[in-house]
Amino acid sequence: MASDVDEMEITVLDGTTPPNKMTSQSFLKLKKIGLISELAVVDMLNHHSESFFSLFMMPGLKNAHLPKSKSTPYDIVLEIGNDIRTIEVKSANCGDRYPTFFAEIIQTATMGYSEYLVYVPNYIVYVDIPTGRHYWYNGDMFVAAVKSMYVHRIKAPRAKAEGVKFLKTSTVHGYIGCVDQIPTRPDIEDQYMYVIQQRMIEPKIPEIYKQAPFLPNL
């Protein structure tokens, strides 16, 4: 399913489609790809790779889930005891062909800033679909690095976005490490079928952000 979707399209999935196009088949396809990636991260946090997450997270029982409210500006909410962490998930179709990912800054369809630049998550995770690897980044460092490259942004060739490329393992962007996804994407789709079905029928009208901290107003 993922092989016929463009690298840039997946990477800048969230909010790049104008509201009048929200029901198009292409958008629904991308929305489903993004949901499966988010649920793959949820599943890994709740059931797998404790040795990896213990390197940078506080110990304790993890409860990762998709936000209950559509107004929550994050993809995943992670509860560890009384502590709450937030996560932004990006899907990419890079594989081993490219050493870089693409970070969206402006959604040119709406001329608004990407939400993660306004509401900074604790972590950003790039799910590389061909390899099944999850690349984890410190949210504060990632956002600061992306904002510092604002004047060097480029247009995504096949998506309605402007942004910057960065090395997958860039410590400047807060790279923490990567972990191999245990369940396959078809496994995730089967296991979370009901969640996916419910989320797919929910309307998604993205907020348009004309202001973001430390960036010029649009």
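User: Which residue in E10 does Tyr135 stand opposite?
Analyst: This is a predicted model, where local features need pLDDT of at least 70, side-chain atom pairs count only at pLDDT 80 or more, and totals for chains, interfaces and linings use all residues. Residues are numbered from 1 along each chain as its sequence is written, and side-chain values use heavy atoms, with hydrogens and water left out. Strands E7 and E10 run antiparallel and are joined by 5 bridges; two strands pair if DSSP finds at least two bridges between them. In E10, the residue opposite Tyr135 is Cys178.

User: By how many degrees are neighbouring strands of this sheet turned against each other on average?
Analyst: Let's look at the whole sheet. It is open, has 6 strands with mixed pairing, and follows the order E1-E2-E3-E6-E7-E10; strands (E, at least two residues) and helices (H or I, at least four) are DSSP runs numbered from the N terminus. E1 (62-65) and E10 (175-180) are the edge strands, each pairing on one side only. With direction ignored, the average turn between neighbouring strands is 25°.

User: What angle does the direction of helix H5 make with that of E7?
Analyst: Helix H5 (residues 139-148) packs on the sheet and touches both E6 and E7 (133-138); contact here means heavy atoms within 4.5 Å. Axes are lines fitted to C-alpha atoms, for helices over the stretch in contact, and angles run from 0 to 180 degrees between N-to-C directions. For H5 and E7, the angle is about 80°.

User: Which residue in the hairpin of E6 and E7 takes a positive phi?
Analyst: E6 and E7 run antiparallel, with 6 bridges joining them. One bridge partnership links Ile124 to Tyr137 in E7. The hairpin has 4 residues between its strands, and a positive phi near 75° belongs to Gly132.

User: Which element gives the most residues to the largest nonpolar core?
Analyst: A nonpolar core is a set of buried Ala, Val, Leu, Ile, Met, Phe, Trp, Tyr and Cys residues joined through side-chain atoms within 4.5 Å. The largest one has 28 residues, and those touching the most other members include Val41, Leu45 and Trp136. Among the elements giving two or more residues to this core are H2, E2 (76-80) and helix H7 (193-201). The top contribution, 8 residues, comes from H2.

User: How far apart are the end C-alpha atoms of helix H2?
Analyst: The expected span of a helix is 1.5 Å times one less than its number of residues. H2 (residues 25-47) has 23 residues, so it should span 33 Å. The model agrees, as the end C-alpha atoms are separated by 32 Å.

User: Which strands stand at the edges of the sheet of 4 strands?
Analyst: This open sheet has antiparallel pairing and the order E5-E4-E9-E8. Each edge strand has a single partner, so one side of it is left without a neighbour in the sheet. The edge strands are E5 (112-113) and E8 (154-155).

User: Is Ala109 buried, partly exposed or exposed?
Analyst: Ala109 is found in the loop between E4 and E5. Buried means under 20% relative accessible area, exposed over 50%, and partly exposed in between (1.4 Å probe, protein chains only). The relative accessible area of Ala109 is 32%, so this residue is partly exposed.

User: What is the bridge partner of Phe101 in E9?
Analyst: E4 (residues 100-107) and E9 (residues 161-167) pair in the antiparallel sense over 7 bridges. In E9, the partner of Phe101 is Phe166.
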